[in-house]
Amino acid sequence: MKGIFSAPLWKFYNTKLMKKFNKVQIEQLHAIRRQQIKAFTEFPVDQKLIDLYNLFETSNLTKNEIEVLIIDLLSGGVDTTSNSAVFVLYLLSINPDKQEILRKEILEALKIGKTDGKDLMRMSYLHACMLESQRLLPFSIGTNRRYSKDIVLSGYKIPAGTVVTMTSNIINNCSEEYFDDPNSFKPERWIQVDNKAKDRMRFAMAGSFGHGTRACPGRKFALQEMKYLLISVLSRYKVEYHYKPMKINFLLVSTPSQPPRFTFKQL
């Protein structure tokens with residue numbers, strides 16, 4: 001938590017770490033510009049890429065805004081997805097009984113051939129494993145909101161323009177007020193409950209992707225990507241982990257405290 005809640009010296013002084021961060025951003029921006037030129041001049045371009053390019057060109061976004069948007073998509077969609085995949089593999093590896101339940105569901109789904117989006121929607125235990133993993137090891141502490149008008153929260157007046165960080169993912173995620181046996185990995189809690197209890201659990205946390213109109217626009221793609229990873233891995237291998245317990249390091253996004261050194265044993 002130190003990396004998030006330490007004094008923001010970078011606002012007043014160009015710190016060594018801030019200089020390094022700015023340098024990386026500039027290098028990333030130059031790399032994106034080079035890739036844009038390369039994509040449309042050196043290689044055959046398919047129609048989907050042309051449509052995406054036209055969408056950007058006909059929007060009200062400036063060139064700089066488009067480049068920033070691309071950076072956000074890359075930075076927000078790479079580390080978050082990969083680290084989340086590590087967390088769910090870790091939890092399944094130290095809970096082999098849950099891994100076996102999920103494997104049975106996966107193998108049953110694969111009997112009809114390749115899985116598509118509709119098949120994923122029917123795999124309730126797979127989705128429950130994703131929710132439970134994000135509860136125990138969330139890749140974000142919560143969500144930030146900048147309020148456009150003065151509000152009062154728990155008796156405190158919050159002036160307009162203030163950024164409020166809602167850390168519900170790490171405050172409520174292991175609270176007995178919302179979750180039974182909160183420190184245990186129990187995907188079943190997201191299936192074997194009534195709608196009222198499920199709503200209470202969802203309310204307790206902002207979730208890794210947030211809620212409402214400001215929720216992460218790539219959440220469905222990220223979940224689908226991680227689900228297909230689990231299907232591919234668990235249908236072929238038993239996953240084990242035999243090192244120090246993995247916890248969360250909170251930086252810009254959550255990262256594993258230990259290297260993801262898994263053992264994959266072919267079935």
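This note sets out numbered points on the predicted model, covering its helices, nonpolar cores, salt bridges and aromatic contacts.

1. Helix 5. This element runs over residues 79-93, and its geometry is as expected: at 1.5 Å a residue, its 15 residues should span 21 Å, and the end C-alpha atoms are indeed 21 Å apart. Of the 15 residues, 13 are buried, so helix 5 is largely enclosed by the rest of the structure.

2. Helix 8. A similar check applies to this helix, where 13 residues at 1.5 Å each should span 18 Å, in agreement with the 18 Å between its end C-alpha atoms. Helix 8 is mostly covered, with 11 of its 13 residues buried. The buried residues include nonpolar ones such as Leu-126, Met-130 and Leu-131, but Glu-132, Gln-134 and Arg-135 are also among them. The two charged residues in that group are taken up again under point 5.

3. The largest nonpolar core. This core holds 36 residues, of which Leu-92, Leu-102 and Leu-230 touch the most other members. At least two residues come from each of helix 5, helix 6 (96-110), helix 8 (124-136), helix 11 (219-234), strand 5 (237-241) and strand 6 (248-250). Helix 5 supplies the largest share, namely eight residues. The contacts of Leu-230 illustrate the packing: leaving aside residues up to four places away in sequence, Leu-230 touches Val-88, Leu-89, Leu-92, Leu-102, Ile-106, Leu-126, Met-130 and Ser-235. As general background, nonpolar side chains in soluble globular proteins tend to be buried together.

4. A second core. Separate from the one above is a core of eight residues, among them Leu-131, Met-201, Ala-204 and Met-205. Leu-131 is one of the buried residues of helix 8.

5. Salt bridges around Glu-132. The model contains 10 salt bridges in total. In one of them Glu-132 pairs with Arg-135, their closest N and O atoms being 2.8 Å apart. Both residues belong to helix 8 and are three residues apart, about one turn of the helix. An α-helix has 3.6 residues a turn, so residues three or four places apart point the same way. Glu-132 also meets Arg-189 in a salt bridge, at 2.9 Å from N to O. Arg-189 lies in the loop between helix 9 and helix 10, whereas Glu-132 is in helix 8, so this pair ties together parts that are 57 residues apart in sequence. Through shared partners, Glu-132, Arg-135 and Arg-189 are joined into one network. How buried are the members of this network? Glu-132 has 0% relative accessibility and counts as buried; Arg-135 is likewise buried at 0%; and Arg-189 is buried at 9%.

6. A salt bridge within helix 6. Arg-103 and Glu-100 form a salt bridge in which the closest N and O atoms are 2.8 Å apart. The two residues lie in helix 6, three residues apart, about one turn of the helix. Their exposure should be noted: Arg-103 counts as buried at 4% relative accessibility, while Glu-100 is partly exposed at 35%.

7. Aromatic contacts near the helix 9 to helix 10 loop. The aromatic pairs number six. Phe-179 and Trp-190 form a tilted pair, with 6.2 Å from centre to centre and 55° between the planes. Both residues lie in the loop between helix 9 (168-171) and helix 10 (195-204), so the pair ties together parts that are 11 residues apart in sequence. Phe-179 and Trp-190 are both buried. The ring of Phe-179 has a further partner, since the charged end of Arg-135 sits over this ring, 5.0 Å from its centre. Arg-135 therefore deserves inspection alongside the network of point 5, being buried at 0% relative accessibility.

8. The aromatic cluster. Ring pairs link Tyr-90, Tyr-237, Tyr-241, Tyr-243, Phe-262 and Phe-264 into a cluster. Within it, Tyr-241 and Tyr-243 form an edge-to-face pair, at 5.7 Å centre to centre and 70° between the planes. Which of these two tyrosines is buried, and which is partly exposed? Tyr-241 is buried, with a relative accessible area of 8%, whereas Tyr-243 counts as partly exposed at 42%. Arg-261 lies over the face of Tyr-243, at 3.9 Å from the ring centre.

Note on methods:
Residues are numbered from 1 along each chain as its sequence is written. This is a predicted model: local features need pLDDT of at least 70, side-chain atom pairs count only at pLDDT 80 or more; totals for chains, interfaces and linings use all residues. Side-chain values use heavy atoms; hydrogens and water are left out. Helices (H or I, at least four residues) and strands (E, at least two) are DSSP runs, numbered from the N terminus. The expected span of a helix is 1.5 Å times one less than its number of residues. Buried means under 20% relative accessible area, exposed over 50%, partly exposed in between (1.4 Å probe, protein chains only). Rings of Phe, Tyr and Trp (its six-membered ring) pair if their centres lie within 6.5 Å; planes under 30 degrees apart count as stacked, over 60 as edge-to-face and the rest as tilted. A charge sits over a ring if NZ of Lys or CZ of Arg is within 6 Å of the ring centre and within 35 degrees of the ring normal. A nonpolar core is a set of buried Ala, Val, Leu, Ile, Met, Phe, Trp, Tyr and Cys residues joined through side-chain atoms within 4.5 Å. Contact means heavy atoms within 4.5 Å. A salt bridge is a side-chain nitrogen of Lys or Arg within 4 Å of a carboxyl oxygen of Asp or Glu.
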